[in-house]
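Ready for some practice in reading a protein structure? Take a look at the picture and work through the exercises at your own pace.

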Amino acid sequence: MPAASDDTLLASFALGDRDAAAAFIRRYQSRVYGLARSMVVDPDLAEDVAQEAFLRAWRNAPSYDSRRGSVHTWMLVITRSLAIDAMRLRRAQPVDPEMFAALDDRVSTARSPEAAAETNDEMRELREALATLPPEQRQALLLAGLCGRTAAEISEIESIPLGTAKTRIRTGLAKVRSSMARRGSDQ
Amino acid sequence: MTCAELEGLAAELALGTVSGAERAGALDHLAGCVACRELVADLAQAADRLLLLAPAAEPPPGFESKVLARMGVAVPSRHSHRPRRRRVLAGVAAAALVAAMSAVGATWLSGGTAPAPEIRTALASDANGHWTCRAVVYGDKPTWLVVSLDRTDGLSAAFTVDALGVGRDTPVPVGSFSIDQGHGSLAIPVGLAAEDLRSVRVFDAGGRLRYEMTFPVT
Ligand SMILES: [Zn+2]
């Protein structure tokens, strides 16, 4: 039997089909746990967040709207929200500098092996948009977007005024957005 | 919060990093301001896509079974005999099913312990796989019917649906739906018990019968 599509798998998962649930978890667990790690840093808390993300997905499957994005993105949005909640409840651990450097490296070079291997046009263009941002904007955007850090936390991490942190986040995201919009209007 | 203040916060809202009173103020403004809502939704597309760049990492061993246990889904066992009819769900168009589920309620989503709902499916498809129309019926008071059509030709068109009951000659009108780029579905309660449904018919805008899905006799 061919692999089920993401949407079909989600439906069977939501209905409590054991095989589908196991397949669904296997399909997304490394992405969900990976994002949780990037955000909360602590491995135990990241596992809690990842487990909660699957439970929330299971309960909220009816709210999944395929027009708004893939199941993959939806899972990550759920994970982000839970990770940020968890960080607000417990004091957030500092960003792991090594992990962050690796993350920044991965996205800052459009010529990295991963970028070269990227077959998805949208993802390649996202990487390119990030690679062309000034490093301080890219780092602020990654700290907010992939590490769940608030503008206030970023101003502390980078030793910059709060207003500067906000501007970097805003400008960085706007540039990424407009690169996506350009692609949209090309088609 | 004013529109200008909201605008200054839009990126952080899209990234999900605003909390507390500031978030409450922003949500309050968004509830009453379409323009700001659209701005945040627009930025959220970019913010959500960023998440795909997060590095993957394998969770600790046992992760999958912990989640399954918390879901209340039975631990795998050679001796367990799951009701066979659950299997049919694998083929159901997810969007339609998911749309219908929200109205059915959570009671029968509780997995292993709840009795499997009675589900019947019927299919119409052509030999070349250019289109497939599915009808799925389940539930009781109300009985839910989900009709989904997937065509590979990218057609956008409107269809109407009716249903025939066992021992009845008069079709029951069900509703209408449209497909966009080949895909579309309808999830709707019908005034027939699931076991009394004989077939579901789909007509094009000109009233011609295009698909007829006959349920296997129970
Ligand atoms: Zn406004």
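The exercises below go from whole chains down to single residues, and the model they use is a predicted one.

**Exercise 1. Describe the secondary structure of chain A and of chain B.**

Solution. Start with chain A: it has 10 helices and 0 strands. Its pattern along the sequence is therefore written with helix symbols, α-α-α-α-α-α-α-α-α-α. Now turn to chain B, which has 5 helices and 8 strands. Reading along its sequence gives α-α-α-α-α-β-β-β-β-β-β-β-β.

**Exercise 2. Find what share of each chain is buried, and how much surface each chain exposes.**

Solution. In chain A, 53% of the 187 residues count as buried. In chain B, the share is 44% of 218 residues. Next comes the surface: chain A has an accessible surface of about 8500 Å², with 49% belonging to carbon and sulfur atoms. Chain B exposes about 11000 Å², and carbon and sulfur atoms supply 54% of that area.

**Exercise 3. Work out which atoms hold the zinc ion and why the arrangement is called tetrahedral.**

Solution. First list the donors: SG of Cys3(B), NE2 of His29(B), SG of Cys33(B) and SG of Cys36(B), at 2.0 to 2.4 Å. Then look at the sequence, where the spacing of these donor residues is C-x25-H-x3-C-x2-C. Now check the angles. Four donors count as tetrahedral if all angles lie between 85 and 135 degrees. The 4 donor atoms here subtend angles of 103 to 115 degrees, so the arrangement is tetrahedral. For reference, the ideal angle for four tetrahedral donors is 109.5 degrees. As a last step, note that Cys33(B) and Cys36(B) are both buried.

**Exercise 4. Describe the interface between chain B and chain A.**

Solution. Begin with the residues: chain B contributes 55 and chain A contributes 64. Then take the area. The size of an interface is often given as the accessible area lost when the parts come together. Between chain B and chain A, the buried area is about 5800 Å², and carbon and sulfur atoms give 66% of it. Finally, look for charged pairs: 6 salt bridges are found across this interface. One of the side-chain pairs joined by a salt bridge is Glu64(B) with Arg26(A), at 3.0 Å from N to O.

**Exercise 5. Decide whether Gln29(A) is buried or exposed, and list what it touches.**

Solution. Locate the residue first: Gln29(A) lies in helix H2 of chain A, which spans residues 18-40. Its relative accessibility is 12%, so Gln29(A) counts as buried. Beyond its neighbours within four places in sequence, Gln29(A) contacts Gly34(A) and Phe54(A) as well as Ala57(B), Glu58(B), Pro59(B), Phe63(B) and Glu64(B). Notice that Glu64(B) is also the partner of Arg26(A) in the salt bridge from the previous exercise.

**Exercise 6. Place Met213(B) in its strand and explore its surroundings.**

Solution. Met213(B) belongs to strand E8 of chain B, residues 209-214. With 0% relative accessibility, Met213(B) counts as buried, because the cut-off is under 20%. Next, compare sequence with space: Ser199(B) is 14 residues away from Met213(B) along the chain, yet their C-alpha atoms are separated by 5.4 Å. Ser199(B) is also among the residues that Met213(B) touches, a list including Ala122(B), Leu123(B), Cys133(B), Val147(B) and Val200(B).

Technical notes
Residues numbered from 1 in each chain as written. Chains lettered and ligands numbered in written order. Predicted model: local features only at pLDDT ≥ 70, side-chain atom pairs only at ≥ 80, totals over all residues. Heavy atoms only, no water. Donors = N, O, S within 2.8 Å, 3.2 Å for Na, K, Ca; no water. Tetrahedral: all angles 85-135°; square planar, octahedral: opposite > 155°, others 65-115°. Buried < 20%, exposed > 50% of the residue type's maximum accessible area, 1.4 Å probe, protein only. Helix = DSSP H or I, 4+ residues; strand = E, 2+ residues; numbered from the N terminus. Areas by Shrake-Rupley, 256 points an atom, 1.4 Å probe, with all protein chains shown as cover. Contact = heavy atoms within 4.5 Å. Buried area = accessible area lost by both parts, 1.4 Å probe. Salt bridge = Lys/Arg side-chain N within 4 Å of Asp/Glu carboxyl O.
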